[in-house]
Amino acid sequence: MSCVEPRPTANLPRAPEPIPAGRRNGAAVKREAVTPGPLHLPGASPVAPLMRSPEYVQISTAAAITLGVVGGRMHRCGCTRCLNLLLTYPEGCRANCAYCGLARHREARRDYADRNFIRVDWPSLRLDDIIERVATAGSKTPFHRMCISMITHPRAEADTFEVLQRWTARIPQSVVPVSILSNPTTMTGADVTRLADLGAEIFTVALDAATPDIFERTRGKGVGSPHSWTKYWEILADAARIFGPGRFGAHIIVGMGETEQDVMELVQRLVDLGGHSHMFCFYPERGSLMDHLPATPRDQWRRVQLARYLVDYRGVRVEQMRFDDYGRIAEFGIPADELDAIVAEGIAFRTSGCPGKERPDVSACDRPYGDSPPSDVASYPFQPGSVDLKRIRHQLGRARAGERYEPGEDLEVDDARASREDQR
Ligand code: SF4
């Protein structure tokens with residue numbers, strides 16, 4: 001057991017700065033009304049062009065590199081396997097979640113299309129150009145999954161239906177299946193049914209907060225945001241009923257003040273409903289209302305990653321685990337040699353999310369460095385190698401006899417070699 005003390009439970013967001021009237025609701029973008037071209041790179045112009053979904057969507061920098069629309073290279077990743085299509089509007093997301101780079105309060109300084117999100121820039125492109133590129137690649141596409149990422153906006157449902165229809169008209173689910181990252185606040189059960197009928201394979205709900213209190217504090221009334229824990233669970237229940245077992249999931253961010261036991265009880269609740277949990281390590285996103293807070297300590301994160309994998313994929317139940325007085329995982333509920341074998345496989349420490357084409361417990365959603373810098377990887381976007389596993393064991397307090405980890409060893413792994421391994 002680590003001697004690191006649990007982090008304080010009150011990880012309070014800072015207060016947002018006032019938003020000048022001339023910048024509210026995308027006013028600057030609408031006033032300038034710059035005609036968009038085929039590609040907008042965040043920060044490339046003084047005011048973002050006037051772009052709206054469904055004609056335009058945003059994609060992560062990793063996806064833009066993989067699609068070949070921008071240059072660049074990702075540390076130890078040949079490409080990303082997941083193409084997230086993030087809805088975009090001049091008004092942006094009307095919610096104000098404290099940990100999120102897309103939150104409403106950021107309109108004080110940045111146009112929506114220019115905001116960083118999960119640590120990276122999100123270029124904007126024409127939806128039809130993206131679909132054309134993926135359709136042309138056919139079965140050779142590097143993408144294992146596409147995910148339509150909704151935001152809180154009055155047009156979000158209608159445009160999600162439209163994006164899904166345009167995609168499935170050109171790209172068979174057998175080539176690139178579709179997930180929906182939903183926005184429950186503005187959705188009904190009928191919307192969930194329609195998405196299933198239109199061909200979405202998996203439906204996910206970004207609960208993000210592990211408890212109702214943290215939800216309220218980080219994405220509810222505490223920050224002037226419209227979301228409610230109850231409504232999110234209503235839509236999750238709809239997803240369980242309409243999409244069925246193994247075809248729905250929930251996002252959870254670890255390290256916003258909850259205990260490890262809180263997270264694991266939530267993970268078990270989701271599994272008992274027939275779903276999966278998709279874990280993110282809290283990272284203080286630049287410009288967010290939680291950018292002054294520390295990232296989740298790695299020992300805490302590794303324990304939760306490992307325990308979640310055991311519950312989601314190895315049939316272990318939270319009741320078999322033991323927690324200490326601080327709610328930290330003290331025992332994982334299986335014999336030490338079995339646990340060491342699972343740690344050595346490394347899969348538990350990869351990004352978690354909707355499955356790709358490799359195997360059911362390997363996520364397509366690899367989000368390279370979305371929750372940490374490459375120098376201190378939280379969720380591995382590739383199969384951890386021997387030096388990574390040494391670091392992981394060190395962080396878990398499970399180093400092998402005589403094993404020593406030198407900080408930075410994993411950073412010296414040759415990118416080209418790692419990239420070749422990633423392609424296999
Ligand atoms: S609803 Fe989603 S995109 Fe909007 S601020 Fe909250 S987390 Fe960010």
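# A guided tour of the predicted model

Helix 3 passes helix 4 in a right-handed crossing. That is our starting view, and please keep in mind along the way that this is a predicted model.

**Stop 1: helices 3 and 4**

Select residues 127–137 for helix 3 and residues 156–170 for helix 4. Their axes come within 10 Å and cross at roughly 25°, so helix 3 is roughly parallel to helix 4. Now show the side chains where they meet. Helix 3 brings Leu-127, Ile-131 and Ala-135, while helix 4 brings Val-163, Arg-166, Trp-167 and Arg-170. Sorted by class, this contact has five nonpolar and two charged residues, with no polar ones.

**Stop 2: helices 5 and 7**

Next, select residues 189–197, which form helix 5, together with residues 229–242, which form helix 7. The axes of this pair are 9 Å apart, and the helices pack at an angle of about 35°. Here, too, you can look for handedness: helix 5 passes helix 7 in a right-handed crossing. From helix 5, pick out Gly-189, Val-192, Thr-193 and Ala-196; their partners in helix 7 are Ile-235, Asp-238, Ala-239 and Ile-242. Colour these residues by class and you get five nonpolar, two polar and one charged.

**Stop 3: helix 6 and its surroundings**

Move on to helix 6, residues 212–219. Which of its residues are buried? They are Ile-214, Phe-215, Arg-217, Thr-218 and Arg-219. These buried residues pack against strand 7 and helix 7, so leave helix 7 on screen from the last stop and add strand 7, residues 202–208.

**Stop 4: along strand 7**

Two residues in strand 7 deserve a click. Begin with Ala-206, which lies in this strand. Ala-206 counts as buried because it has 23 C-beta neighbours inside 10 Å, and 20 are enough for that label. Draw a distance from its C-alpha to that of Ala-250: the two are 5.5 Å apart in space, yet 44 residues apart in sequence. Leaving aside neighbours within four places in sequence, Ala-206 is in contact with Leu-181 and His-251.

Then go to Asp-208, also placed in strand 7. Asp-208 is not a glycine, but its phi is positive, at about 65°. Is Asp-208 buried or exposed? It counts as buried, because there are 22 C-beta neighbours inside 10 Å.

**Stop 5: the ligand**

Centre the view on the ligand and display what surrounds it: Cys-93, Ala-95, Cys-97, Cys-100, Leu-102, Ala-103, Ile-151, Thr-152 and Arg-219. You have met Arg-219 already, as one of the buried residues of helix 6. How does the shell around the ligand divide by class, and how many residues fall in each? Seven are nonpolar, one is polar and one is charged.

**Stop 6: Arg-81 and its contacts**

Select Arg-81, in the loop between helix 2 (61–67) and strand 3 (82–87). This arginine counts as buried because 29 other C-beta atoms lie within 10 Å. Now add Gly-356. Along the chain, Arg-81 and Gly-356 are 275 residues apart, but their C-alpha atoms are separated by 7.5 Å. Not counting residues up to four places away in sequence, Arg-81 touches Pro-142, Phe-143, His-144, Arg-145, Gly-356, Ala-364 and Asp-366.

**Stop 7: two backbone details in loops**

From Asp-366, step along to Arg-367, in the loop between helix 10 (336–345) and helix 11. Arg-367 has a positive phi of about 35° although it is not a glycine. With 24 C-beta neighbours inside 10 Å, Arg-367 counts as buried.

For another kind of backbone detail, go to Pro-54, in the loop between strand 1 (39–40) and strand 2 (56–58). Zoom in on the peptide bond that joins Ser-53 to Pro-54: this bond is cis, with omega near 10°.

**Stop 8: helices 9 and 11**

Finish with helix 9 (residues 298–313) and helix 11 (residues 386–396). Their axes come within 8 Å and cross at roughly 105°, so helix 9 is roughly perpendicular to helix 11. Show Arg-298, Asp-299, Arg-302 and Arg-303 on helix 9, then Ile-392, Gln-395 and Leu-396 on helix 11, and you have the residues that make the contact. By class they divide into two nonpolar, one polar and four charged.

Conventions: Residues numbered from 1 in each chain as written. Predicted model: local features only at pLDDT ≥ 70, side-chain atom pairs only at ≥ 80, totals over all residues. Axes fitted to C-alpha atoms, helices over the stretch in contact; angles between N-to-C directions. Helix = DSSP H or I, 4+ residues; strand = E, 2+ residues; numbered from the N terminus. Parallel < 35°, antiparallel > 145°, perpendicular 65-115°, else oblique. Contact = placed C-beta atoms within 7 Å. Nonpolar A, V, L, I, M, F, W, Y, C, P; charged D, E, K, R; others polar. Near = placed C-beta within 6 Å. Left-handed = near helix turned anticlockwise from the far one by under 90°. Buried ≥ 20, exposed ≤ 12 C-beta atoms within 10 Å, placed from the backbone.
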